[in-house]
Amino acid sequence: MELSVFLKNNVLPPLEEELTLSERFRDGEGKPAIFRLRGITEEQSAALRRSSLRRSDSGEPRFDRERYLKKLAAACVISPDLRSEALQASWGVLGEEALLEKMLTAGEFARLLEAAQRVCGFGSFAERKDQLKKASAGETAN
């Protein structure tokens, strides 16, 4: 295999996905609002993991998986803009993770997290293969 296939200019961007999480969010025309997600890099994921470390009672670092998953979900959402001060203020929170916790139901958050993991490539090999085929087909169709 040629080295050129791994050069940055030849690599497709992280996967993106649009999904309707809930009928509760409606646009101006009454249609369900769309959430857009994009996969993050391992570098970004590592930063999220580091920021998800907590100290145990004995002072030892402990990975907080729940905190990481909330950060991962928030990091993957590109629309709506979870960093928007107006959006956060409307829900009475500060921060993207707090916003998701407040505005989504448990089931909606679970679907969002599932989609975030999918765009980051955490799905099964078969799912990932299908996504890559679709992405390649989209590139050749343009």
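These are my notebook entries on the nonpolar core, one helix residue and a surface patch in this predicted model.

**Entry 1, the core.** I began with the largest nonpolar core, which has 28 residues, and I noted that those with the most contacts inside it are F35, L37, L72, C76, L100, L104 and L112. I then looked up which elements give two or more residues to this core, and found β2 (35-38), α2 (65-76), α4 (96-103) and α5 (106-119). As general background, I wrote down that nonpolar side chains tend to be buried together in soluble globular proteins.

**Entry 2, L112.** I next asked what L112 touches when residues up to four places away in sequence are not counted. The list I obtained for L112 is L21, L37, A73, V77, L100 and L104.

**Entry 3, A74.** I turned to A74, which lies in helix α2. Is A74 buried or exposed? I recorded A74 as buried because its relative accessibility is 6%, and the cut-off for that term is under 20%. Leaving out residues up to four places away in sequence, I found that A74 touches L82, E96, E97 and L100. I also looked up the pair A74 and A98, which are 24 residues apart in sequence, and I noted a C-alpha to C-alpha distance of 9.4 Å.

**Entry 4, the surface patch.** Last, I looked at the surface, where M1, L3, V5 and F6 make a nonpolar patch of about 540 Å². Within that patch I checked L3, which lies in the segment before β1 (16-19). I entered L3 as exposed because its relative accessible area is 67%, and the cut-off for exposed is over 50%.

Conventions. Residues are numbered from 1 along each chain as its sequence is written. This is a predicted model: local features need pLDDT of at least 70, side-chain atom pairs count only at pLDDT 80 or more; totals for chains, interfaces and linings use all residues. Side-chain values use heavy atoms; hydrogens and water are left out. A nonpolar core is a set of buried Ala, Val, Leu, Ile, Met, Phe, Trp, Tyr and Cys residues joined through side-chain atoms within 4.5 Å. Buried means under 20% relative accessible area, exposed over 50%, partly exposed in between (1.4 Å probe, protein chains only). Helices (H or I, at least four residues) and strands (E, at least two) are DSSP runs, numbered from the N terminus. Contact means heavy atoms within 4.5 Å. Patches are made of residues with over 30% relative accessible area and no salt bridge: like charges are joined within 9 Å, nonpolar side chains (Val, Leu, Ile, Met, Phe, Trp, Tyr) within 5 Å. Accessible areas come from the Shrake-Rupley method with a 1.4 Å probe; for residues, only the protein chains shown count as cover. A salt bridge is a side-chain nitrogen of Lys or Arg within 4 Å of a carboxyl oxygen of Asp or Glu.
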